[in-house]
Amino acid sequence: MRRVNMKTNTKLTKKDLFQANWRWLWASQLSWNYEKMMAPGYFYTVLPFLKRFYQDDELVDMMKMHSQFFNTNAFTGPFIIGMDLAIEEHQGYKAKETVAGIKTGLMGPLAGVGDTIFGVIIPTICGSIGAYMGLKGNALGAIIWLLVNIFILFAILPMGYYQGEKLINSAEGKLNAVTDSAILLGVTVVGALIPTVIKADVPFVFSAGKVTLKLQTVLNQIMPSLIPVLLVAFVYWLLGRKKMTSTKVILFVLVLGIVLSYFHILGA
């Protein structure tokens with residue numbers, strides 16, 4: 001029988017948020033891997049708080065959920081973590097699906113936003129100002145650039161946390177609606193990634209006299225990106241098999257892709 005979470009010391013402080021931010025700074029990139037990308041860093045960041053919020057079976061379930069695939073911009077990741085901590089602090093285990101949906105739904109859009117703002121706009125503007133001041137012999141330029149980076153590194157997670165608190169307060173008693181919306185957003189993002197990231201088509205061409213028919217053209221008329229959708233569905237089915245791990249699936253898909261390409265059954 002699942003035990004109810006009886007822990008009461010769950011209120012987070014500014015020191016806790018600083019600790020989470022610090023752990024993310026160290027772990028988000030150091031633990032990056034090709035199977036789950038930033039998931040180990042995310043898990044390491046929230047682990048102390050999971051132990052505070054949950055116990056027994058609930059703790060195990062939440063640890064498994066936070067070990068799932070996660071990848072976003074390293075600067076915007078703390079915003080998602082902040083929202084996650086705020087929601088789990090207030091709602092506990094019943095917010096499991098909400099948190100999973102928010103993570104899945106926000107990691108893609110915030111990756112693009114983060115790459116643009118923190119990878120291009122801010123370095124270009126603030127870096128140029130700092131460099132120009134430095135060329136003029138003004139050391140304040142370097143200091144300004146350092147202060148901008150410190151603000152970015154330590155201000156985003158608290159922002160996410162307070163936004164998460166606002167979400168909880170404004171949606172009190174409507175957790176199911178928030179959960180459904182978060183899941184829908186996550187599914188939409190994942191679905192949109194399929195045709196944009198996965199490139200696969202059928203190169204087979206049927207010829208009869210002067211008539212030439214490309215099979216991929218016919219498939220596109222049925223449903224654009226049908227082959228990528230079927231491939232993703234097949235991979236999901238494989239992941240649901242017993243004793244099938246992500247590593248085995250990756251190796252299987254690589255071998256399958258090589259074989260199908262060799263016999264001109266599938267192309268990219």
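These exercises work through a surface patch, a pocket and two loop residues in a predicted model.

**Exercise 1.** Find the nonpolar patch on the surface and place Val 113, one of its residues.

*Solution.*
- Step 1: List the members. The patch is formed by Val 113, Ile 117, Val 120, Ile 121, Ile 125 and Ile 129.
- Step 2: Give the area. Together these residues have about 470 Å² of accessible area.
- Step 3: Locate Val 113. This residue sits in helix α5, residues 96-135.
- Step 4: Classify Val 113. Its relative accessibility is 38%. Partly exposed lies between 20% and 50%, so Val 113 counts as partly exposed.

**Exercise 2.** Describe the largest pocket by its volume and its lining.

*Solution.*
- Step 1: State the volume. It is about 2,000 Å³.
- Step 2: Look at the lining. There are 49 lining residues. Nearest the centre lie Phe 69, Val 190, Val 235, Tyr 236 and Leu 239.
- Step 3: Name the helices. At least two lining residues each come from α3 (56-65), α5, α7 (175-197), α9 (226-239) and α10 (246-262).
- Step 4: Sort by class. The lining holds 30 nonpolar, eleven polar and eight charged residues.

**Exercise 3.** Ser 225 and Lys 243 have positive phi values. Locate each one and classify its exposure.

*Solution.*
- Step 1: Take Ser 225. Its phi is about 60 degrees, though the residue is not a glycine. It lies in the loop between α8 (215-222) and α9.
- Step 2: Classify Ser 225. Its relative accessible area is 24%, so it is partly exposed.
- Step 3: Take Lys 243. Its phi is near 65 degrees, and this residue too is other than glycine. Its loop runs between α9 and α10.
- Step 4: Classify Lys 243. Its relative accessible area is 75%. Exposed means over 50%, so Lys 243 is exposed.

Notes
Residues are numbered from 1 along each chain as its sequence is written. This is a predicted model: local features need pLDDT of at least 70, side-chain atom pairs count only at pLDDT 80 or more; totals for chains, interfaces and linings use all residues. Side-chain values use heavy atoms; hydrogens and water are left out. Patches are made of residues with over 30% relative accessible area and no salt bridge: like charges are joined within 9 Å, nonpolar side chains (Val, Leu, Ile, Met, Phe, Trp, Tyr) within 5 Å. Accessible areas come from the Shrake-Rupley method with a 1.4 Å probe; for residues, only the protein chains shown count as cover. A salt bridge is a side-chain nitrogen of Lys or Arg within 4 Å of a carboxyl oxygen of Asp or Glu. Helices (H or I, at least four residues) and strands (E, at least two) are DSSP runs, numbered from the N terminus. Buried means under 20% relative accessible area, exposed over 50%, partly exposed in between (1.4 Å probe, protein chains only). On a 1 Å grid over the protein atoms alone, a cavity is a set of points where a 1.4 Å probe fits but cannot get out, and a pocket is an open set with protein on both sides within 12 Å along at least five of seven lines; lining residues have an atom within 4 Å of a point. Grid points are joined across faces, edges and corners, and a volume is the space filled by probe spheres set on the points. Ala, Val, Leu, Ile, Met, Phe, Trp, Tyr, Cys and Pro count as nonpolar, Asp, Glu, Lys and Arg as charged, and the others, Gly among them, as polar.
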